[in-house]
Amino acid sequence: MMRSLLKWAIGLGILLIAACLALWFFALRAPPPGRPLAPLTISSGPVRGLEEEGVAVYRGIPYAAPPVGDLRWREPHPVAAWTRPRDAFAFSRTCMQVGDPIAGSVLEPMSEDCLYLNVWTPVTRGNAPLPVMVWIHGGGNRNGSASAAPYSGAALARKGVVVISVNYRLGALGFLAHPELTRESGHGASGNYGLMDIIAALKWVRTNAPAFGGDPANVTMFGQSAGAWNISNLQVSPLARGLYRRAIAMSGGDFAPADTPHGIPLLPEAEQAGTRLATRLGADSLAKLRTIPASAIVEASKSWPAFTDRSNVPGVVDGYVLTADPYRLYASGAAAPGDLLAGYTSEEGATISGLPVTAAAYQARIRKTYGAYAERVLALYPARSEAEANRSHQRVTGEEGIKWPVATWARLHAGTRRGNVFLYRFSHRPGLGPFNGIPSHGTDMWYVFDFPERVRRYGSQWPWDAYRDIAMIDDIQNYWVNFARTGNPNGAGLPQWPEFSRAAGVMELGKTAKAEAWPDAAEHRLMDDYMGAIRKARGTPASAGAAPR
């Protein structure tokens with residue numbers, strides 16, 4: 001009897017905790033009361049925002065026509081103009097998606113009509129135009145949104161920048177390739193609709209930034225995880241040339257060989273995956289496919305090979321948005337000029353490595369994946385016990401999927417002298433509950449957006465350290481804003497951040513911020529050798545941007 005009562009009490013407690021988390025999330029997401037501002041005019045018509053604690057906020061501004069009906073799987077079309085002032089007080093619905101990646105959050109309302117953006121800008125500003133920072137959210141290109149709770153741009157705007165966050169099509173609705181779509185496009189290409197959405201948003205920024213006090217000639221894209229992956233592809237896309245000046249990439253980049261689980265697919269492979277999804281949906285033509293409800297497409301794509309066989313839905317080398325394997329383009333110096341600030345967390349794999357594994361299963365996975373390199377991998381990432389196997393599984397997952405691509409991006413871009421490059425490693429142990437003191441995938445993002453301050457303001461009891469966490473928030477935000485302003489993160493009162501080189505190593509954002517010798521060097525060398533062997537076998541460059549020996 002007592003055991004039954006105890007189980008009942010525990011179950012009730014779990015339900016109450018879940019309910020409190022849901023209420024807390026919606027409290028964070030709901031905009032606080034604000035004072036309506038006088039309308040300002042953008043290219044599509046007048047909009048009216050809210051003043052909230054010294055920041056002007058404009059939510060849910062459309063930057064393209066709804067991609068529905070015959071516009072599904074097409075390049076974004078211009079938004080219909082309006083004449084009466086439009087209230088930009090509330091976030092739009094998110095794009096159709098599978099799941100939600102934000103810790104402690106719940107799935108937001110969704111719609112296929114989702115091409116909207118949000119703007120934060122200081123209410124009081126001088127005559128000089130402000131730098132613009134365009135946020136590209138993460139979520140594996142299968143989920144996420146510009147309006148998720150941690151992504152408020154208010155704190156950065158208070159430091160003198162205009163922040164714009166963008167929704168873009170996700171999953172099968174954003175990245176489906178199909179032979180009929182390829183023939184219809186006029187470019188012999190399909191599959192990069194989400195990337196084309198971001199490009200359309202950057203064009204919107206170029207036209208409309210001055211209305212919000214921003215400088216269209218000083219735009220910085222910044223993104224995390226899949227957002228950073230997308231930025232790495234946009235930097236070598238001819239369609240994005242001239243639309244931005246700088247990039248900040250947090251824990252993501254597309255540098256593994258194409259047509260591998262961590263690389264981008266080529267168009268023929270992507271078309272085959274799209275054809276299989278259409279068959280699963282019972283659609284024998286593109287016209288039929290466009291009549292199927294978006295919710296049915298999302299449901300069917302839960303087991304789509306692009307989801308199950310890859311860590312991301314990564315886009316496509318289609319010959320139009322992306323003309324070749326991104327690594328090859330970077331290695332040849334084809335990336336657009338621009339300054340780059342990039343980095344990763346020290347424990348990337350802690351939250352992205354999946355379920356626990358046995359030592360035997362881990363060793364089998366390594367041997368199957370790495371072949372001739374398996375013994376070197378197992379020597380560096382051993383599995384002499386179950387606990388060690390799980391730790392090694394986390395480490396190698398973070399290295400192959402996040403750390404090595406980011407480090408490779410920095411090396412390639414610095415090696416071709418296309419702009420200033422600054423590299424960081426975030427090892428600060430947070431006092432934030434969701435991360436349990438681990439600097440895992442996405443931890444640095446919460447400091448960039450000052451999420452601990454929002455937690456404090458709304459009364460959460462999550463543990464946090466007023467000195468360590470607030471000091472890191474201040475440092476990392478100042479570095480990011482300085483970089484957006486000048487292309488150099490350094491400024492008064494900040495520890496010196498050297499420009500990246502193999503000799504200089506990286507900026508360690510840990511217990512203190514300081515330049516360190518090259519970390520993770522042995523791991524990067526091993527992954528260089530493995531990825532290089534794949535490229536050599538395919539006749540593509542193998543040594544460009546190699547890690548230091």
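How do the residues of the lining of the second largest cavity divide into nonpolar, polar and charged? The route to that cavity starts in the core of this predicted model.

The largest nonpolar core has 114 residues. Within this core, Tyr-58, Tyr-63 and Trp-204 touch the most other members. Helix H5, residues 193-208, supplies the largest share, 10 residues. Look next at Trp-204. Beyond its neighbours within four places in sequence, Trp-204 is in contact with nine residues listed here in full: Ile-42, Ile-61, Pro-62, Tyr-63, Leu-117, Val-119, Ile-164, Ala-209 and Phe-212. A second, separate core holds 40 residues, including Leu-156, Ile-248, Tyr-424 and Ile-473.

Now turn to helix H6, residues 226-234. Nine of its nine residues are buried, so the rest of the structure largely encloses this helix. Among the buried residues are Trp-229, Asn-230 and Leu-234. The buried residues of H6 pack against helices H5, H11 (326-331) and H14 (386-415). They also pack against strands S10 (130-136), S12 (214-224) and S13 (246-250).

The cavities come last. The structure has two of 30 Å³ or more. The largest has a volume of about 70 Å³. Its lining includes Pro-67, Arg-72, Cys-95, Glu-112 and Arg-169. That lining divides into six nonpolar, one polar and three charged residues.

The second largest cavity holds about 40 Å³ of space. Of the 10 residues that line it, Leu-170, Gly-171, Ala-172, Val-298 and Ser-301 are the closest to its centre. Helix H3, residues 171-175, gives the largest share of this lining, three residues. Here is the answer to the opening question: the lining of the second largest cavity has seven nonpolar, three polar and no charged residues.

Conventions. Residues numbered from 1 in each chain as written. Predicted model: local features only at pLDDT ≥ 70, side-chain atom pairs only at ≥ 80, totals over all residues. Heavy atoms only, no water. Core = buried A, V, L, I, M, F, W, Y, C linked by side-chain atoms within 4.5 Å. Buried < 20%, exposed > 50% of the residue type's maximum accessible area, 1.4 Å probe, protein only. Helix = DSSP H or I, 4+ residues; strand = E, 2+ residues; numbered from the N terminus. Contact = heavy atoms within 4.5 Å. 1 Å grid on protein atoms, 1.4 Å probe; cavity = no way out; pocket = protein on both sides within 12 Å on 5 of 7 lines; lining within 4 Å. Points joined across faces, edges and corners; volume = space filled by probe spheres on them. Nonpolar A, V, L, I, M, F, W, Y, C, P; charged D, E, K, R; others polar.
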